[in-house]
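Me: Mind walking me through a few of the labels here? I'd like to see each value set against its cut-off.

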Amino acid sequence: NRLLADSAEHYTERGELILISRVRYSESRMTMQSDRMIYYTVEERLLATGNVRGRSSSGTRFTGPQIEYFRAKPGVRDVPTWRAPGRPFVRMSPTAIQGDSGGAPPGNRARTSDSATANADSVDLTADLVISVNDSLIWAVGNVIIERPDLRATADSATLDQGTEFARLLRGPEIVGRGERPFTLVGTVVDLWSKDRKLRRVRADGRAKVTSDSLTLTGDTIDLRLQDQQMERVFAWGGRAIA
């Protein structure tokens with residue numbers, strides 16, 4: 001790994017490296033920049049604060065006021081983990097623009113052609129706290145907003161698995177489909193399955209309700225199957241469903 005900054009302080013006995021002003025961090029799995037960083041060499045832990053922008057090797061980019069990064073190193077930990085409080089913005093994209101070290105907030109997406117290109121196959125996440133493990137499993141807590149080209153999802157908390165393309169939303173979740181036939185789905189718990197970054201299935205459990213231009217359906221559980229971002233089949237069961 002490599003660190004660059006205008007100024008630095010190194011305290012060998014306590015294993016602490018303080019970097020100040022225009023700080024740059026780079027390794028094979030992560031690049032990051034911020035106003036200030038503290039690198040705890042014994043723990044292999046990096047605390048970045050102030051205008052933090054970063055990008056992982058898999059294309060996940062983030063911006064926020066603070067991030068705590070735990071490096072993967074034999075004998076310390078097997079996989080990298082990072083934790084970002086302060087309502088960061090995270091963009092997960094397998095075809096992220098090369099050389100871009102951070103995502104753009106939603107209001108800035110239209111300002112550059114790069115942002116528009118990245119948004120074509122990306123998942124944008126905003127929450128009060130975001131935790132990532134091995135750049136694959138993500139936990140989001142507090143006023144969660146997930147945006148994709150085909151949907152907008154909100155909830156109090158959410159988990160996302162980028163490897164299996166599965167997501168679960170808890171506490172007041174709402175899904176708004178953005179296809180040719182838009183729909184809104186609510187429930188106590190909402191699960192989403194995707195394939196190749198396209199939504200294939202959405203299931204709401206507990207006081208579920210789906211509304212579209214031609215259908216209002218309520219039931220204990222509602223299961224939507226989609227094709228080309230359109231509702232193809234709808235299943236409802238548990239209790240007494242009403243359409």
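Me: Which residues line the second largest cavity?

Reply: Asp150, Gly177, Arg178, Gly179, Phe183, Leu199, Leu226 and Gln229 do. Bear in mind that this is a predicted model, where local features need pLDDT of at least 70, side-chain atom pairs count only at pLDDT 80 or more, and totals for chains, interfaces and linings use all residues. Residues are numbered from 1 along each chain as its sequence is written, and side-chain values use heavy atoms, with hydrogens and water left out.

Me: What makes something a cavity, or a lining residue?

Reply: On a 1 Å grid over the protein atoms alone, a cavity is a set of points where a 1.4 Å probe fits but cannot get out, and lining residues have an atom within 4 Å of a point. The count comes to 2 cavities of 30 Å³ or more. The second largest has a volume of about 40 Å³, while the largest has about 250 Å³. Of the 16 residues lining the largest cavity, Val123, Arg148, Leu160, Glu165 and Ala167 are the closest to its centre. E12 gives the most to that lining, with 4 residues.

Me: Why are Phe166 and Trp193 called a tilted pair?

Reply: Rings of Phe, Tyr and Trp (its six-membered ring) pair if their centres lie within 6.5 Å; planes under 30 degrees apart count as stacked, over 60 as edge-to-face and the rest as tilted. Phe166 and Trp193 come out at 5.3 Å centre to centre with 55° between the planes, hence tilted. Phe166 lies in strand E13 and Trp193 in strand E16 (strands are DSSP runs of at least two residues, numbered from the N terminus), so the pair ties together parts that are 27 residues apart in sequence.

Me: Is Trp193 buried, exposed or partly exposed, and how do you know?

Reply: Buried means under 20% relative accessible area, exposed over 50%, partly exposed in between (1.4 Å probe, protein chains only). Trp193 has 25%, so partly exposed it is. Phe166, at 23%, is partly exposed too.

Me: What makes you say a charge sits over the ring of Trp193?

Reply: The rule wants NZ of Lys or CZ of Arg within 6 Å of the ring centre and within 35 degrees of the ring normal. The charged end of Arg201 sits over that Trp193 ring, 4.4 Å from its centre.

Me: And why is Arg22 called exposed?

Reply: Because its relative accessibility is 57%, and exposed starts over 50%. Arg22 also has a positive phi of about 50° although it is not a glycine.

Note on methods:
On a 1 Å grid over the protein atoms alone, a cavity is a set of points where a 1.4 Å probe fits but cannot get out, and a pocket is an open set with protein on both sides within 12 Å along at least five of seven lines; lining residues have an atom within 4 Å of a point. Grid points are joined across faces, edges and corners, and a volume is the space filled by probe spheres set on the points.
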